[in-house]
Amino acid sequence: MALREEQVLDRTTRARARLREDAVTLAHGAGGRATRTLVDAVFKDAFDNPFLDRMDDSACFAVNGADLAFTTDAHVVSPLFFPGGDIGDLAVNGTVNDLAVSGAMPLHLSAGFILEEGFPVSSLRRITASMSAAAEAAGVDIVTGDTKVVRRGQADGCYITTAGVGVVHSPPADDVRPGDAILVTGPIGEHGAAIMLARGDLDTEADLASDTAPLNCLLADLTARCPGAVRRMRDATRGGVAAVLDELAAGAGLAAVVDEEAVPVRPAVRGACELLGIDPLHVACEGRAVIVVAPEAAGTALASLRAHPLGTGAAVIGHLHDDPPGTVLLNTAFDGTQPIGPLPDDSAPRIC
């Protein structure tokens, strides 16, 4: 085990991301390989420190004996209003979930607004009402913020940045091993598919709604019922479940093997993805988490998730294996086993 960890560390130390583009493209915001390269080559290089190097959804640290988690996010979704939600509840839930998957109970959020000249006050009231309702549902307060206004045509209506702090109660062990079970908390791809439908990317009609929701209570119940058995938790936003598993496999030097038939996908989402030629595993969620647990706890974890209203569609979708290291493999019903990586291009930008 120590040798494997040394090998993984050695690969990580030697590999230095190289940004080939001279200018930022939409692909750099889609959550796939281009996003990761931009983050590694520019932001990690500039801000290098032990907290950032972990590349978790939140930074966890101790202050005067209290274990805290801190996160920040920016929201530029287009359109601002979509089936199942809007930029407001998306901003709250996204920040709450980044804290929750770090084993923290969210406490307080901040909100910053960049508004375009001419943006309707009625739309702003609708967004803030949505944020208020989402914060109440998650049990958090929006305690501070900022507002800036830019000239007409410079902000696409409204952008929102949020940050959040929470108290860490049950941090994941962060020690994934071969044999560990991979779970998702519900059907995947609903948010990304709903956004693409709402902005006309799909020449079809479907009953699709975003899955945006706060996961803090769902995940707190899980960690309480499976003490010490939860190895890793991530919310599957940009790049979808595939991006989460790709990062997991690469970081641990293991193979994430997923059974296609076990992955919960609603028929409307699957149909929309087929029209676009995108695998549902690459499509963003905003109310789903990917969880890795010890194999002996998989049944208990699944039962805990399914007992909560937001986890009724939870499923065990695969397991971690020794080989081939650093890969994500999909066991399909017809084609055997095939590799699957993160979203490679800008197929779904501006989804959060």
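In this note, Ala, Val, Leu, Ile, Met, Phe, Trp, Tyr, Cys and Pro are classed as nonpolar, Asp, Glu, Lys and Arg as charged, and the others, Gly among them, as polar. The model under review is predicted.

1. **Second largest pocket: composition.** The volume of the second largest pocket is about 290 Å³. Of its 20 lining residues, R54, D56, C60, S102 and P172 lie closest to the centre. Sorted by class, the lining comprises 11 nonpolar, seven charged and two polar residues.

2. **Second largest pocket: contributing strands.** Which element gives the most to this lining? The answer is β1, with four residues. At least two lining residues come from each of β1 (59–63), β2 (66–75) and β9 (230–235).

3. **The loop between β7 and β8: P171.** P171 lies in the loop that runs between β7 (158–168) and β8 (181–184). Its relative accessible area is 52%, so P171 is classed as exposed, the cut-off being over 50%. Apart from residues up to four places away in sequence, P171 touches S102 and G103. As a reference distance, the C-alpha atoms of P171 and T332 are 33 Å apart, with these positions 161 residues apart along the chain.

4. **The loop between β7 and β8: D174.** D174 belongs to the loop between β7 and β8. Its phi is near 60°, a positive value in a residue that is not glycine. Is D174 buried or exposed? At 30% relative accessibility, D174 falls into neither class and counts as partly exposed.

5. **N64.** A second residue to inspect for its backbone is N64, which has a positive phi of about 50° although it is not a glycine. Most residues other than glycine have a negative phi. N64 sits in the loop between β1 and β2, and its relative accessibility of 82% makes it exposed.

6. **Cis peptide bonds.** S78 and P79 are joined by a cis peptide bond with omega of about 5°; P79 is placed in the loop between β2 and β3 (81–82). A cis peptide bond also links D323 to P324, with omega of about -10°. P324 occurs in the loop between β12 (315–321) and β13 (327–331). By way of background, most peptide bonds are trans.

7. **T223.** Helix α7 (residues 216–225) contains T223. T223 is buried, because its relative accessibility is 7% and the cut-off is under 20%. The side chain of T223 reaches the backbone oxygen of A220 at a distance of 3.1 Å. With neighbours within four places in sequence set aside, the contacts of T223 are H169, S170, V230 and M233.

8. **Cysteines.** How many disulfides does the structure hold? The number is zero. For C273, the closest cysteine sulfur is that of C285, at 10.0 Å, which is too far for a bond because a disulfide requires sulfur atoms within 2.5 Å. C273 is buried, at 3% relative accessible area. C352 is likewise in no disulfide, and its nearest cysteine sulfur, again in C285, is 11 Å away. With a relative accessibility of 14%, C352 is also counted as buried.

Definitions and conventions: Residues numbered from 1 in each chain as written. Predicted model: local features only at pLDDT ≥ 70, side-chain atom pairs only at ≥ 80, totals over all residues. Heavy atoms only, no water. Buried < 20%, exposed > 50% of the residue type's maximum accessible area, 1.4 Å probe, protein only. Contact = heavy atoms within 4.5 Å. 1 Å grid on protein atoms, 1.4 Å probe; cavity = no way out; pocket = protein on both sides within 12 Å on 5 of 7 lines; lining within 4 Å. Points joined across faces, edges and corners; volume = space filled by probe spheres on them. Polar contact = N/O pair within 3.5 Å; in protein donor to acceptor, adjacent residues only side chain to side chain.
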